[in-house]
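Me: I have a protein chain to look at and some questions about it. Please keep the answers brisk.

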Amino acid sequence: MHIFHTISDLRAHLRAHRMLGQSIGFVPTMGALHEGHLSLIAASKAQNDLTVCSIFVNPIQFNNPDDLARYPRTLDVDCAMLAPAGCDVVFAPSAEEMYPEKALLKFDFGDLERVMEGQFRPGHFNGVGIVVAKLFNIVQPDRTYFGQKDLQQVAVVRRMMIDLGFQIELHPCPTLREADGLAMSSRNRNLTAEERPIAAHIFKGLTAAKTALLTGETAEMVKAQMATHFEQQPAFRLEYFEVVNAHTLQSVDKKQPDGQTALCIAAFLGKVRLIDNFVF
Ligand code: AMP
């Protein structure tokens with residue numbers, strides 16, 4: 001496995017593979033890797049000659065400086081996981097390498113970013129758009145793999161790829177979970193031993209909400225039930241819970257046709273912000 005820290009070294013390496021006609025799969029991450037990330041690597045390996053994983057904690061997608069400071073950085077451990085997973089190339093640039101000058105471009109994803117993550121993390125999707133577009137231009141992959149755990153991110157990246165004409169296949173991949181249903185996340189390692197079992201209430205709440213919608217309850221009723229569910233868990237602070245159309249991400253009042261309903265949630269457990277979603 002090759003590890004590169006500069007854009008020019010990575011480009012030279014990938015150019016040689018491209019000249020041989022090899023296909024490139026790309027998995028962008030912020031490191032602190034877990035099985036969920038490795039499932040994206042596996043998906044890429046199954047479809048491409050070469051798999052590239054980037055590890056970059058992108059400062060401009062954090063609207064909260066504490067969140068950025070607390071974000072785990074574990075490059076050596078990450079590389080020790082990626083090599084046996086069969087990743088071929090790791091790109092781990094510094095912030096100076098990625099942003100020698102402050103990016104001036106601003107992305108506005110319209111209604112897609114007026115809700116949920118975009119609403120509660122102003123500027124987040126601008127930062128995501130800039131870093132993903134830049135990484136796409138650097139790596140020039142044939143295919144790219146994103147987790148559906150970040151449903152709104154997938155929607156925003158898909159839109160950016162359409163609007164800017166990126167010729168890359170976007171492959172959304174299912175969310176990997178712990179045994180108690182908690183979605184795997186780099187942030188889970190910041191939970192205390194007391195908080196960790198409580199975190200499963202996100203999954204429990206989503207499961208109950210899905211059942212209620214499937215039995216004909218309205219979104220309004222389900223949202224009220226979710227609010228009550230979290231009131232009974234004082235360690236949690238529910239930031240949002242929305243019932244939305246899985247494509248537009250706009251609120252809906254009841255279950256949509258199959259595959260088009262999404263339940264999206266963000267909640268703080270202590271200092272840790274957790275997000276999750278169900279699509280059905
Ligand atoms: P991150 O390092 O958190 O920016 O995540 C990098 C990629 O891994 C994103 O496309 C995420 O959606 C994806 N990802 C994060 N958690 C999971 C998970 N539990 N299952 C599958 N993919 C995930």
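Me: What share of the 280 residues in the protein chain is buried?
Reply: Keep in mind that this is a predicted model. A residue counts as buried when its relative accessible area is under 20%. In the protein chain of 280 residues, the buried share is 53%.

Me: How many helices and how many strands does the protein chain have?
Reply: The protein chain contains both kinds of element. The count is 11 helices and nine strands.

Me: Why is the protein chain as compact as a globular protein of that length?
Reply: Take the globule rule for 280 residues, which gives 19 Å. The chain's own value is close to that, so the protein chain is as compact as a globular protein of that length. Its radius of gyration is 19 Å.

Me: What box do the C-alpha atoms of the protein chain fill?
Reply: The box is taken along the principal axes. Its dimensions are roughly 55 × 40 × 35 Å.

Me: Which percentage of contacts joins residues at least 24 apart?
Reply: Start with contacts between residues at least 6 apart in sequence. Some of these join residues at least 24 apart. In the protein chain, that share is 72%.

Me: What part of the accessible surface belongs to carbon and sulfur atoms?
Reply: The accessible surface of the protein chain comes to about 13,000 Å². The part from carbon and sulfur atoms is 53%.

Me: How many Å apart are the mean positions of the positive and negative charges?
Reply: The protein chain carries 27 positive and 31 negative charges. Take the mean position of each group. The two means are separated by 1 Å.

Me: Why is there no bond between the sulfur of Cys53 and the closest cysteine sulfur?
Reply: A disulfide needs two cysteine sulfur atoms within 2.5 Å. For Cys53, the closest cysteine sulfur is in Cys87, and that is too far for a bond. Cys53 itself is buried, at 1% relative accessible area. The sulfur distance between Cys53 and Cys87 is 5.2 Å.

Me: Which cysteine has the sulfur nearest to that of Cys264?
Reply: Cys264 is in no disulfide. Cys264 is buried, with a relative accessible area of 6%. Its nearest cysteine sulfur is 18 Å away and belongs to Cys173.

Me: How many disulfides does the count come to?
Reply: Apply the cut-off of 2.5 Å between cysteine sulfur atoms. The count comes to zero.

Me: Is Thr144 buried or exposed?
Reply: Thr144 sits in strand β5, residues 143-147. Beyond four places in sequence, it touches residues including Phe26, Pro28, Phe136 and Met161. Its relative accessible area is 0%, so Thr144 is buried.

Me: Which residues are in contact with Gln153, leaving aside its neighbours within four places in sequence?
Reply: Gln153 belongs to helix α8, residues 151-164. Gln153 has 17% relative accessible area and is buried. With those neighbours set aside, its contacts are Phe125, Val128 and Phe146.

Me: What is the phi of Ala32?
Reply: Ala32 lies in the loop between β2 (24-29) and α2 (35-47). Ala32 is buried, at 0% relative accessible area. Its phi is positive although Ala32 is not a glycine. The value is about 50°.

Me: Where is Met116 found?
Reply: Met116 also has a positive phi, near 50°, in a residue other than glycine. It is buried, with 3% relative accessible area. Among the residues it touches beyond four places in sequence are Gln152, Tyr240 and Cys264. Met116 is found in helix α6, residues 116-120.

Me: What distance separates the C-alpha atoms of Met116 and Thr218?
Reply: Along the chain, Met116 and Thr218 are 102 residues apart. In space, their C-alpha atoms are separated by 20 Å.

Me: Is Pro93 buried or exposed?
Reply: The place of Pro93 is the loop between β4 (89-91) and α5 (95-98). Leaving aside neighbours within four places in sequence, its contacts are His5, Ile55, Phe56 and Met98. Its relative accessibility is 8%, so Pro93 counts as buried.

Me: How many Å apart in space are Pro93 and Val272?
Reply: In sequence, Pro93 and Val272 are 179 residues apart. From C-alpha to C-alpha, the distance is 26 Å.

Key:
Residues numbered from 1 in each chain as written. Predicted model: local features only at pLDDT ≥ 70, side-chain atom pairs only at ≥ 80, totals over all residues. Heavy atoms only, no water. Helix = DSSP H or I, 4+ residues; strand = E, 2+ residues; numbered from the N terminus. Rg over C-alpha atoms; globule rule 2.2 N^0.38 Å. Buried < 20%, exposed > 50% of the residue type's maximum accessible area, 1.4 Å probe, protein only. Contact = heavy atoms within 4.5 Å. Areas by Shrake-Rupley, 256 points an atom, 1.4 Å probe, with all protein chains shown as cover. Lys, Arg positive; Asp, Glu negative; His and termini not counted. Charge placed at Lys NZ, Arg CZ, Asp CG, Glu CD.
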